[in-house]
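Q: Please examine closely the part of this model in which the two chains meet, beginning with any sheet that they share. Please state the criteria behind each term as well.

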Amino acid sequence: MSDLIKAKGLKPAPKNGGTPPDASRRAFLGAAATGAAATVAATAARAASPDPLITDLEQQPWTQYLGDGVDAAPYGMPSEHEAHVVRRNVEWLTADPVSSVNFTPLHELDGIITPNGLCFERHHAGVAEMDKGSYRLMINGLVDTPMVFTMDDLMRFPRENHAYFLECAANSGMEWRGAQLNGCQFTHGMIHNVIYTGVPLRLILEEAGIKTAGKWILPEGADASGMTRSIPMEKALDDCLVAFKMNGEALRPEQGYPVRLVVPGWEGNMWVKWLRRIEVGDQPWHHREETSKYTDLLEDGRARRFTWEMDAKSVITSPSPQAPITHGPGPTVITGVAWSGRGTIPRVDVTLDGGRNWVQARMSGPSLNKSMHRFYHEFDWDGSPLLLQSRAHDSTGYVQPTKEQLREVRGENSIYHNNGIQTWAVNERGIAENVEVG
Amino acid sequence: APEAGFGLGRPALEEEVAAWDIDIRPDGQGLPVGSGDVFTGEEVWVERCAVCHGDFGEAVGRWPVIAGGFGTLDGEDPVKTTGSYWPYLSTVWDYVHRAMPFGEAQSLTDDEVYALTAYILYSNDLVDDDFELSDENFAEVSLPNEDGFFMDDRPDTELSVFTGEPCMSDCTDGPVEITMRSMVLDVTPDSGVVTEA
């Protein structure tokens, strides 16, 4: 039955319609961009001849033949025409793909929720393959009773649901010295935003009973990197979650299955995956990931430590280098995401001329604490070059700074916490490039 | 379990805590009894570490540099090593013991970790070649950059500065110019990036 339906041999539409299914995304975009430049504003253009995608039944086999049954895909995957929407890595960034990072394809996503299979990954010793039955969580240190919990135990605590962004502290870190990587997937894609289901860490700590002297916790992962970070007790008791679901389903293995720590608004490194132990202590541990790494070197050779919060940030996801304008002049949608580790994003400003003049973008969708926000700006593009930027405001009154403003305070070697304003230069053909402006 | 909670979970046994609680603090809390000298450390280093980190901690290829880099932190290309950057020796012991060698973590004995830590000190010119490190003299060793770190000061230096109603129109004297282009570098992976029509 489905032989008839798997119509992969579809011919490309001869004229102005449809995506040639067998063409690569890149070739398609390139061709479309050329077409757009050649045909001036196609707005409400009258068709010269009937569109075969409408008039020719042979080009619409889905209209005539049966499709897959409900038993074909017990766990569904995206359309094959979305095969280009994938995580990507940058080989030269790290010495090894096991202690490395890949990037969320922000340029292809919309709304505020990141699909689980596209959430960027950052491992220090690869993905620990654990099963729920073997899972144990230990609480020890300055507690009344050191405790061990199984997965079944965790599932009997009261649960909460929250959407939070997780941003790697090194997101945009390659851009401190200037425009380097060409695409928001690479410059801003060490981030994802999902709805977590989990138990407030406070409830689990209280089960063991925190001693008065207990001022810090040390969460530790079960993977071979034995990831550890020191977190002040105030944060642990405030909004941290011991999470076991993301977007409704179990955590993906690469996101810490079966259990990870959620540390809202704070740098991703602290969200310990494959969480196996939490120690309570009276002072921080100063472990490798909070001394050698995740400390921010300033120009005078001294370094900030414990830079936990991720400051307000935004990026235009389309147009962007991987998502050029392909339709030519006329009505054009600018869209992007904004977030802050210190609250919500009530406002985003957008500029088309590199920061000379700004307009307020239109926020759309839920505005949740320490979660991604989606913004849009619709305008009539006249086909002239653009210098696009977005500027986030968070609920504390903080306004996203330029990269130059950040460099004045920090220099160029701090690696982490680059929340500077991003510029995309869009040329007459709609092609976008990562640039710096002055 | 304490009276206040839900009565979930069970008390951890001493042996269980001992098996998982391996963390070390700057004040030495958590250090096991043991010792190791530079010469022993060199032997272990050559066998277990040098293939990635080089015979003298200088690193092979893109693997992390362990030694040297002194005086580079305020320069253009800082070399951040255990000697030039790390604040505490306890972090070296803890991290080597918990996570190294890469791909075979937690395979070193406590004495081997003491010896390797002594060798790392030696390769950074911080001790003589007859130095022996143990749980007893551990606290006497301090690293050069211990005072090189300070608590996040963004609340004082940045948050108030980057606040307030920003300029909305005619914010620059004239048109804005492009000063740097990523296409010149051309280091982005090919997949998915549209460069020219």
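A: **The shared sheet and the interface**

Six strands form an open sheet in the order β19(A)-β18(A)-β22(A)-β23(A)-β24(A)-β5(B), with antiparallel pairing. The edges are held by β19 (358-360) of chain A and β5 of chain B, each with a single partner strand, so one side of each is left without a neighbour in the sheet. From one strand to the next the twist averages 35 degrees, where axes are lines fitted to C-alpha atoms and angles run from 0 to 180 degrees between N-to-C directions. Strands (E, at least two residues) and helices (H or I, at least four) are DSSP runs numbered from the N terminus, and two strands pair if DSSP finds at least two bridges between them.

The model is predicted: local features need pLDDT of at least 70 and side-chain atom pairs pLDDT 80 or more, whereas totals for chains, interfaces and linings use all residues. Residues are numbered from 1 along each chain as its sequence is written, chains are lettered from A and ligands numbered from 1 in the order in which they are written, and side-chain values use heavy atoms, with hydrogens and water left out.

Within the sheet, β18 (residues 347-351) of chain A is joined to β22 (residues 386-393) of chain A by five bridges, the two strands running antiparallel. A:Arg347 stands opposite A:His393 in β22(A). A further pairing crosses between the chains: β15 (residues 303-305) of chain A and β4(B) run parallel and are joined by three bridges. There, A:Arg304 has B:Phe150 of β4(B) as its bridge partner.

Turning to the interface as a whole, 114 residues of chain A and 86 residues of chain B take part in the contact (heavy atoms within 4.5 Å). The two chains bury about 8400 Å² between them, 55% of it on carbon and sulfur atoms; buried area is the accessible area (1.4 Å probe) lost on putting two parts together, summed over both. B:Leu8, B:Trp20 and B:Phe162 supply 10% of the area that chain B buries against chain A, more than any other three residues.

Charged pairs also occur here. The rule finds 12 salt bridges across the interface of chain B and chain A, each a side-chain nitrogen of Lys or Arg within 4 Å of a carboxyl oxygen of Asp or Glu. A:Arg277 forms a salt bridge with B:Asp23, their closest N and O atoms lying 2.5 Å apart.
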